[in-house]
Amino acid sequence: MFDKVKKNGTELLGKTNRIVEGTSIVGDIVSKADFRLDGELIGNFTSQGKLVIGATGVIKGEIICNNADIEGEFHGKIKVLEILNIKASAKIHGEVAVGKLSIEPGAEFTATCTMLTHNKEVTVKDGKGSE
């Protein structure tokens, strides 16, 4: 009567996790769903969904995801398999590898950039991200 249906990764897409302003995390985050960060993350982030770094958000570390919008600060290495949108208020420092790139005028972009020729979906297995 009340059988629980096990949710797979596609059912989680469209749902968003959120780290609010004033929150600081030291460590790694692995998520199958979309993620919005308005706080600070010092560590690595892996997701099958979309990452949004809000205007007050700061990440220092490595990111692997399918899509990303950045309004805040990022220092490190980022790999976005599909589309990376960099907003005018963003500050990007490090290494960038993307499928497609959009940068608004006014953004601070001090990074090496590599365009990916093959798109593979990010998969999350046992808390580790891989392509």
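Start by selecting Cys113, which lies in strand E12. The model open in the viewer is a predicted one.

**Stop 1: Cys113**

With Cys113 selected, check its exposure. Cys113 counts as partly exposed because its relative accessibility is 35%, and the partly exposed class runs between 20% and 50%. Next, show the residues around Cys113. Leaving out neighbours within four places in sequence, Cys113 is in contact with Val96, Val98 and Leu101. To put a distance on one of these, draw a line between the C-alpha atoms of Cys113 and Val98: the separation is 7.7 Å, for two residues 15 apart in sequence.

**Stop 2: Met115 and the surface patch**

Stay in strand E12, which covers residues 108–115, and move to Met115. Is Met115 buried, exposed or partly exposed? Met115 is partly exposed, because its relative accessible area is 46%. Now add Leu101 and Ile103 to the selection and turn on the surface. Leu101, Ile103 and Met115 form a nonpolar patch there, and their accessible area together is about 240 Å². Leu101 has come up already, as one of the contacts of Cys113.

**Stop 3: Cys65 and the disulfide count**

Select Cys65 next. Cys65 counts as buried because its relative accessibility is 0%, whereas Cys113 is partly exposed at 35%. How many disulfides does the model have? The count is zero, with a cut-off of 2.5 Å between cysteine sulfur atoms.

**Stop 4: Ile70**

Go to strand E9, residues 67–70, and select Ile70. Ile70 is buried, because its relative accessibility is 1% and the limit for that class is under 20%. Which residues does Ile70 touch, not counting those up to four places away in sequence? They are Ile53, Ile78, Leu84, Asn85, Ile86, Lys87, Ala90 and Ile92. Show these side chains together with Ile70 to view its surroundings. Then select Leu51, whose C-alpha atom is 8.1 Å from that of Ile70, with their positions 19 residues apart along the chain counted as the separation.

**Stop 5: the whole chain**

Clear the selection and colour by secondary structure. The protein chain has one helix and 14 strands. Colouring by accessibility instead brings up the buried residues, which make up 35% of the 131 residues in the chain. With the surface on, the chain exposes about 7,500 Å², and carbon and sulfur atoms supply 50% of that area. Last, consider the contacts with a sequence separation of 6 or more: residues 24 or more positions apart account for 11% of them.

Technical notes:
Residues are numbered from 1 along each chain as its sequence is written. This is a predicted model: local features need pLDDT of at least 70, side-chain atom pairs count only at pLDDT 80 or more; totals for chains, interfaces and linings use all residues. Side-chain values use heavy atoms; hydrogens and water are left out. Helices (H or I, at least four residues) and strands (E, at least two) are DSSP runs, numbered from the N terminus. Buried means under 20% relative accessible area, exposed over 50%, partly exposed in between (1.4 Å probe, protein chains only). Contact means heavy atoms within 4.5 Å. Accessible areas come from the Shrake-Rupley method with a 1.4 Å probe; for residues, only the protein chains shown count as cover. Patches are made of residues with over 30% relative accessible area and no salt bridge: like charges are joined within 9 Å, nonpolar side chains (Val, Leu, Ile, Met, Phe, Trp, Tyr) within 5 Å. A salt bridge is a side-chain nitrogen of Lys or Arg within 4 Å of a carboxyl oxygen of Asp or Glu.
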